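These are my notebook entries on a single chain, set down in the order in which I looked things up. The sequence and the model come first, and the entries follow.

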Amino acid sequence: MNVLFILAVMLCMAMVMIGGKKGAISFLSLFINFLVLLGTVYMMNDPANDPILWVIIACVIISCVNLFFINGINSTTIAAFLSTVITMVALLLFILFMSDLTMINGFGEEEVDELSLLSLYIGISFAELAAVVIISTIGAITDISISITSPMREVYLHNPGMSRRELVQAGFAIGRDLLGTSTNTLFFAFFGSYLGLLIWFKDLSYSLGDIVNSKIFAAEMLTILCAGIGIALVIPVASWITAFLLTRKK
């Protein structure tokens, strides 16, 4: 616990020294998002509550914290928030469909030994719990949305004579530069965090087919692929919404 506290203090000092006031606000937002996730888990623990509804509420709150609390309320953050919400709703429906199609609900065989002494009856539908995958993607979606809306606003301020079509094309150009690096970041984050699991698969002499059909591996790959789809989807959405908000007075 002392080590975690020291690391948290070091992170806070680094963010404040480099980012100043905004760095301190960004550090505070980390704890706010952590509290939001804890509250979401607590509310989802009650079988009377709808997990999907609370996942949507949590994602909206996290988006507001990441966009409005850190960067304030302006045309850039409003466009990023609208883009995030639209993409989140579309992606949530897709995730629920794909999780049912891939049958990744519940625990995998590799997790049974660790949970054998615990009761597996939690009173919540595992099909509905698949909606929590969207929480793993909300950070990447908000990051891409603000990374597109902010440069588009700067481009328009320096070139106020641009048409809406030209502004949308500028947003697409910015998004293409972000698309490759963001998807690769998600991909390597998965293999970095689950490298031990992959080594375990090798020690157990799992074939490639066994690994691909493993429920744990499939669930994580579903998260990565859905996050990649969300990143790709938010680019046109953010470009069109930002262009509309910036040029609507014309």
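Entry 1, elements. Before placing any residue I fix the term: helices are DSSP runs of H or I with at least four residues, numbered from the N terminus. On that footing I find R176 in helix α7, and I keep in mind throughout that the model is a predicted one. I counted 10 helices and 0 strands in the protein chain, so that the order of elements from the N terminus reads α-α-α-α-α-α-α-α-α-α.

Entry 2, the chain as a whole. I looked up how much of the chain is covered, and buried residues come to 36% of the 250 residues. The accessible surface is about 14,400 Å², and carbon and sulfur atoms hold 70% of this surface. Among contacts with a separation of 6 or more, 77% are between residues 24 or more positions apart.

Entry 3, R176 again. I returned to R176 and found a relative accessibility of 58%, which makes R176 exposed. I also took a C-alpha to C-alpha distance from R176 to A232, which is 8.9 Å in space, although the two are 56 residues apart in sequence.

Entry 4, nonpolar cores. Which residues have the most contacts inside the largest nonpolar core? I found I134, I148 and L167 in that role, in a core that has 35 residues. I then asked where this core draws its residues from, and at least two come from each of α1, α2, α3, α6 (133-158), α7 (164-193) and α10 (215-247). Following I148 outward, and leaving aside neighbours within four places in sequence, I listed its contacts as G171, I174, G175, L178, I235, A238 and S239. Another core lies apart from the largest one and has 9 residues, including L197, L198, I211 and I224.

Entry 5, T149 and T76. I looked next at T149, which sits in helix α6. Is T149 buried or exposed? Its relative accessible area is 0%, and because buried means under 20%, T149 is buried. Not counting residues up to four places away in sequence, T149 touches T76, A79, A80, A238 and T242. I followed the first of these names to T76, which belongs to helix α3 and is likewise buried, with a relative accessible area of 8%. With neighbours within four places in sequence left out, the contacts of T76 are I146, T149, S150 and R153.

Entry 6, the salt bridge. R153, a contact of T76, led me to search for charged pairs, and the whole structure gave 1 salt bridge. In it the side chains of R153 and E154 meet at 4.0 Å, N to O. I checked the cover on both partners: R153 is partly exposed at 29% relative accessibility, and E154 is partly exposed at 36%.

Entry 7, aromatic pairs. How many aromatic pairs does the structure hold? I take rings as paired if their centres lie within 6.5 Å, and by this rule the count is 2 aromatic pairs. One is formed by F27 and F31, with 5.1 Å centre to centre and 70 degrees between the planes, which makes the pair edge-to-face. Both rings belong to helix α1 (residues 2-44), and because they are 4 residues apart there, about one helical turn separates them. F27 counts as buried at 13% relative accessibility, whereas F31 counts as partly exposed at 43%. The pair of F68 and F81 is tilted, at 5.2 Å centre to centre and 45 degrees between the planes. This pair links distant parts of the chain, since F68 is in helix α2 (residues 51-71) and F81 is in helix α3 (residues 75-102), 13 residues apart. For F81 I noted a relative accessibility of 16%, so F81 counts as buried.

Entry 8, a nonpolar patch on the surface. I finished with the outside of the model, where V3, L4, F5, I6, L7, V9, M10, M13, M17 and I18 make a nonpolar surface patch of about 1,100 Å². I picked L4 for a closer look; L4 is in helix α1, and at 56% relative accessibility L4 counts as exposed. As a general note beside this entry, nonpolar side chains tend to be buried together in soluble globular proteins.

Note on methods. Residues are numbered from 1 along each chain as its sequence is written. This is a predicted model: local features need pLDDT of at least 70, side-chain atom pairs count only at pLDDT 80 or more; totals for chains, interfaces and linings use all residues. Side-chain values use heavy atoms; hydrogens and water are left out. Rings of Phe, Tyr and Trp (its six-membered ring) pair if their centres lie within 6.5 Å; planes under 30 degrees apart count as stacked, over 60 as edge-to-face and the rest as tilted. Buried means under 20% relative accessible area, exposed over 50%, partly exposed in between (1.4 Å probe, protein chains only). A nonpolar core is a set of buried Ala, Val, Leu, Ile, Met, Phe, Trp, Tyr and Cys residues joined through side-chain atoms within 4.5 Å. Contact means heavy atoms within 4.5 Å. Patches are made of residues with over 30% relative accessible area and no salt bridge: like charges are joined within 9 Å, nonpolar side chains (Val, Leu, Ile, Met, Phe, Trp, Tyr) within 5 Å. Accessible areas come from the Shrake-Rupley method with a 1.4 Å probe; for residues, only the protein chains shown count as cover.
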